[in-house]
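Got your viewer open and a selection box ready? Let's go for a walk through this one, stop by stop.

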Amino acid sequence: MKQSRFLLAALALAATISATVSADQVSDIKKKGELVVGVLGTDEPNSFVDPKTRQIVGYDVDLASAVAKKLGVKLTIKQLAVAARIPELTEGRVDLLAASLTHNKEREAKIDFSLTTFVTGQKVLVRQDSGIAAVPQLAGKKVLTVKGGTQEINIRKAVPSVDVVTFETTGQAFIALQQGKGVGYVNDEVSILDDYAKLGPAKKDYDILPQNLSVEPLALGIRKGEPAFKSVVDDTLRQLEASGEAEKLFFKWYGPSSKVQFQTRNFKFDSDKVDS
């Protein structure tokens, strides 16, 4: 009798261990019925607050929505600061990042990435009264950007003696530029173009320097050790590409009728590899 009880207990323990080992993020998401996605909400057109609906919308949000649909769960959006993106993901407070996230080798040590979802560069917007016409002329000058992104790293690589001041959001850095708290403002090209458009008649007082500081492949961020979830995310992106929906989403948010007015799409959802 004792042996039978011991055997039953051992089998029950083995079943519990097996269930724990086989459980993954996909199962957890389906069980709770929602996909919690971290976005910036301040980076038009990737994710921003629609002034009419007061809802966060954008290119990244549409990609996240497609993943939630693939999983058969509702999408829950959580707005994050730039510096909080990776900690929120690794600590399990969000399931996925769709937050203008640059994929680079350094970050691969912390998280995994989906297929590349966008390719951009980083540029500098300067005040015309600064007299600056090229990136090297920023040496010793005060430049403004967001905290926790790759912007500060890249401007320091390009101009080691630059004086960088960081802010919690890109919006705060952009306002600081207009207030004369620096001569330049660093951000992704798409965001720079959007901010430049917002200047209206004041555009004549600013210039976008032609040199790219870097080429930035953006992707969705995934916690490490979740191959099944990464597979779902990547399969979703591949299906969007194959159906032509990826192209439609690009032109919806970045095309000629948008503020940034891109004329062509020079990338596809087909690789998760980066050079640096």
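The tour below goes from pockets to strands, then to a helix and a cavity. Keep in mind along the way that this is a predicted model.

**Stop 1: the largest pocket**

Select His103, Asn104, Val215, Pro217 and Ser276 and centre the view on them. Out of 17 lining residues, these are the closest to the centre of the largest pocket, which has a volume of about 350 Å³. Now colour helix H5 (151-158) and strand S12 (214-222): each of them supplies at least two residues of the lining. S12 has the largest share, with 4 residues. If you colour the lining by class, you should get 5 nonpolar, 7 polar and 5 charged residues.

**Stop 2: strand S12**

Stay with S12 and show what surrounds it. How many of the 9 residues of S12 are buried? The count is 8, so the strand is largely enclosed by the rest of the structure.

Next, bring up the strands that pair with S12. Strands of a sheet pair through backbone hydrogen bonds, so switch to a backbone view here. Select strand S7 (112-127): it runs antiparallel to S12, and 8 bridges join the two. To find your place in that ladder, click on glycine 121, whose bridge partner in S12 is valine 215. You have already met Val215 as one of the residues closest to the centre of the largest pocket.

Then select strand S6 (residues 96-102), which is also antiparallel to S12 and joined to it by 3 bridges. Here the pair to pick out is leucine 97 opposite glycine 221 in S12.

**Stop 3: the second largest pocket**

Clear the selection and pick Ile86, Glu106, Arg107, Lys110 and Gly148. The second largest pocket has 14 lining residues, and these five are the closest to its centre. Its volume is about 230 Å³. Add helix H4 (residues 85-90), which gives the most to this lining, with 3 residues. By class, the lining divides into 6 nonpolar, 4 polar and 4 charged residues.

**Stop 4: a three-stranded sheet**

Now select S2, S3 and S4. They make an open sheet of 3 strands in the order S2-S3-S4, with antiparallel pairing. Strand S2 (42-43) and strand S4 (56-57) are the edges; each has a single partner strand, so one side of each is left without a neighbour in the sheet. Zoom in on strand S3 (residues 47-49), where 2 bridges join it to S4. Phenylalanine 48 is a handy marker, as its bridge partner in S4 is valine 57.

**Stop 5: helix H8**

Select helix H8 (residues 227-243) and look at it side-on. From first C-alpha to last, its 17 residues reach 24 Å, close to the 24 Å expected at 1.5 Å a residue. Show side chains and look for the buried ones: Phe229, Lys230, Val232, Val233, Asp234, Thr236, Leu237, Leu240 and Glu241. Step on past the end of the helix to glycine 244, which has a positive phi, near 90 degrees.

**Stop 6: the cavity**

How many cavities of 30 Å³ or more does a search of the whole structure find? The search finds 1, with a volume of about 30 Å³. To see its walls, select Asp43, Asn46, Phe118, Thr120, Asp188, Val190, Ser191 and Leu218. Strand S7 and helix H7 (189-198) are the elements that give two or more residues to this lining. The classes come out as 3 nonpolar, 3 polar and 2 charged.

How values were computed: Residues numbered from 1 in each chain as written. Predicted model: local features only at pLDDT ≥ 70, side-chain atom pairs only at ≥ 80, totals over all residues. Heavy atoms only, no water. 1 Å grid on protein atoms, 1.4 Å probe; cavity = no way out; pocket = protein on both sides within 12 Å on 5 of 7 lines; lining within 4 Å. Points joined across faces, edges and corners; volume = space filled by probe spheres on them. Nonpolar A, V, L, I, M, F, W, Y, C, P; charged D, E, K, R; others polar. Expected span 1.5 Å × (residues − 1). Buried < 20%, exposed > 50% of the residue type's maximum accessible area, 1.4 Å probe, protein only. Pairing = 2+ DSSP bridges.
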